[in-house]
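Trainee: Could we go through this model together? I would like to learn what stands behind the labels.

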Amino acid sequence: MGNSNNIQEIQNRVSLFFDNALADKERQELLQQVNLDPRCSKIFNKEKNFREFIKNNVTRPTVSTDLIQNIKNKIRFI
């Protein structure tokens, strides 16, 4: 059971790393762990590759300038 929790913790830290939600010290500790632990390195690279795939292969739909302006106008009056 402890191993499962450890893997989940690594996955959470890796996700936070790619979301830029870790402090500098935590980032450095994670990168050091990635360099030393093959299991952590595998999790890190899997997440990195997944995010790169999404970034490069999923297109965002475009919205009209009228929609953007409409949203801005509504925000101003709230």
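Trainee: How do you know that Arg 13 has no salt bridge?

Mentor: Happy to help! This is a predicted model, where local features need pLDDT of at least 70, side-chain atom pairs count only at pLDDT 80 or more, and totals for chains, interfaces and linings use all residues. Residues are numbered from 1 along each chain as its sequence is written, and side-chain values use heavy atoms, leaving out hydrogens and water. A salt bridge needs a side-chain nitrogen of Lys or Arg within 4 Å of a carboxyl oxygen of Asp or Glu. For Arg 13, the nearest side chain of opposite charge is Glu 9, 4.6 Å away, so the salt-bridge cut-off of 4 Å is not met.

Trainee: What makes the pairing of Arg 13 with Gln 33 a polar contact?

Mentor: Their side chains are 2.8 Å apart. A polar contact is a pair of N or O atoms within 3.5 Å, one able to donate a hydrogen and the other to accept it; residues adjacent in sequence count only if both atoms are side-chain atoms. The pair therefore qualifies.

Trainee: Why is Asn 20 called exposed?

Mentor: Its relative accessibility is 60%, and exposed means over 50%, buried under 20%, partly exposed in between (1.4 Å probe, protein chains only). Asn 20 therefore counts as exposed. Asn 20 also has a positive phi of about 55°, although it is not a glycine.

Trainee: And why is Ile 71 called partly exposed?

Mentor: Ile 71 has 44% relative accessibility, so it counts as partly exposed.

How values were computed:
Lys and Arg count as positive and Asp and Glu as negative; His and the chain ends are not counted.
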